[in-house]
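Open the model in your viewer and keep the selection panel at hand. The stops below are given in the order in which to select them.

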Amino acid sequence: MSNDPTRAFRLDGRVALITGASSGIGAELARAFAAAGAKVALVARRADRLEALVSELRAQGASALPLSLDVRDTAALPAVFDRIAAELGVADVLVNNAGVAKVGSFLRASEAERDDSFAVNFDAAWDLSAEASRRMIAAARPGCIINIASVLALGAAPGYAAYATSKAALVQLTRCLALELQRHSIRVNGLAPGWFVTEMNDDWLTSPEGQDYLRRTPARRAGRLEELVGPALLLASEAGSFVNGVTLAVDGAHHAALA
Ligand SMILES: NC(=O)c1ccc[n+]([C@@H]2O[C@H](COP(=O)([O-])OP(=O)(O)OC[C@H]3O[C@@H](n4cnc5c(N)ncnc54)[C@H](OP(=O)(O)O)[C@@H]3O)[C@@H](O)[C@H]2O)c1
């Protein structure tokens, strides 16, 4: 039916570059975006993981490209974007999802830990956004950027100074870029996930202490990865055409308790 409003959530004809696609949230979004019709370019360091996911997606009829890259390697970005353009088309959806979380006391944290949090969680998102948006503009292609922030960008918790500040900077970058890129028809939004069990945190979240912590959150449970799919599709698709500059918490109201 042509007036089916759910069609606006489809991503047919779009080329989505998703960083951190070798596991967790990135892999979940890669599967979802491919199922919604996008061609997907998958970036992370673990090439074997990317190859396995690409094989899975191709077997389902999707167009998918694995790209082994450390997102801190700014000099490699032009060649990566050239390859995506040659094999899939100009990337017009960018999901800055690659991230690292170092947990520990501020007083004991090293400069290197702080710098690496910012290098992956913030600087790489900046550099990828610049490369992606310049190419969208050159191709006169509307598009969007989605930055994966965190509930810890919206409210603080002890032990996460480097992580939380790098993610808070990403939220502010989201607002700045939304204002600057709107005239080029590029929307920039973010998602702020609460706790989701992934390789980043499964040791702790599945421990008795972690389970006890989750029971004390407003939703009393971790999120399920599929609960990020609807919000991500909203931001990536025409369904979200007037949504710009927001960071949407997907956390069972955890941000309301932390803030
Ligand atoms: N899980 C949660 O509760 C939660 C909550 C809030 C926000 N987040 C955010 O969600 C995003 C995804 O995390 P996740 O939970 O799905 O954890 P995850 O399974 O550990 O995924 C992290 C991803 O980032 C990639 N990555 C890390 N450093 C990289 C680098 N230097 N270059 C390229 N890729 C790199 C990893 O790939 P390789 O190791 O293969 O490079 C991996 O694919 C992160 O930004 C995280 O901060 C997660």
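Begin with helix 1, which is mostly covered: eleven of its twelve residues are buried. Here a residue is buried if 20 or more other C-beta atoms lie within 10 Å of its own, exposed if 12 or fewer, and partly exposed in between, with C-beta atoms placed from the backbone. Helices (H or I, at least four residues) and strands (E, at least two) are DSSP runs, numbered from the N terminus.

The model is predicted: local features need pLDDT of at least 70, side-chain atom pairs count only at pLDDT 80 or more, and totals for chains, interfaces and linings use all residues. Residue numbers start from 1 along each chain as its sequence is written.

Stay on helix 1 and pick out its buried residues, among them Gly 24, Glu 28, Arg 31 and Phe 33. Put a distance between the end C-alpha atoms: they are 17 Å apart, which agrees with the 16 Å that the twelve residues should span at 1.5 Å a residue. The expected span is 1.5 Å times one less than the number of residues. After the helix comes Gly 37, with a positive phi near 110°.

Next, show the ligand and its shell of 29 residues; the closest are Gly 20, Gly 24, Arg 45, Arg 46 and Gly 99. A residue is near the ligand if its C-beta atom, placed from the backbone, lies within 6 Å of it. Helix 1 (residues 24–35) gives the largest share of this shell, three residues.

Now select strand 1 (residues 15–19). Five of its five residues are buried, so the strand is largely enclosed by the rest of the structure. Val 15, Leu 17 and Thr 19 point one way, and Ala 16 and Ile 18 the other. Add strand 2 (residues 39–44), which pairs with strand 1 in the parallel sense over five bridges; strands pair if DSSP finds at least two bridges between them. Ile 18 stands opposite Leu 42 of strand 2.

Which residues does Phe 33 contact, leaving aside its neighbours within four places in sequence? They are Leu 11, Ala 16, Ile 18, Ala 38, Val 40 and Ala 236, where contact means C-beta atoms, placed from the backbone, within 7 Å.

Finish with strand 7 (residues 247–250). Thr 247 and Ala 249 point to one face and are buried, whereas Leu 248 and Val 250 point to the other and are not. Strand 6 (residues 186–193) runs parallel to strand 7, joined by four bridges, and Ala 192 has Ala 249 as its bridge partner.

Methods: Contact = placed C-beta atoms within 7 Å.
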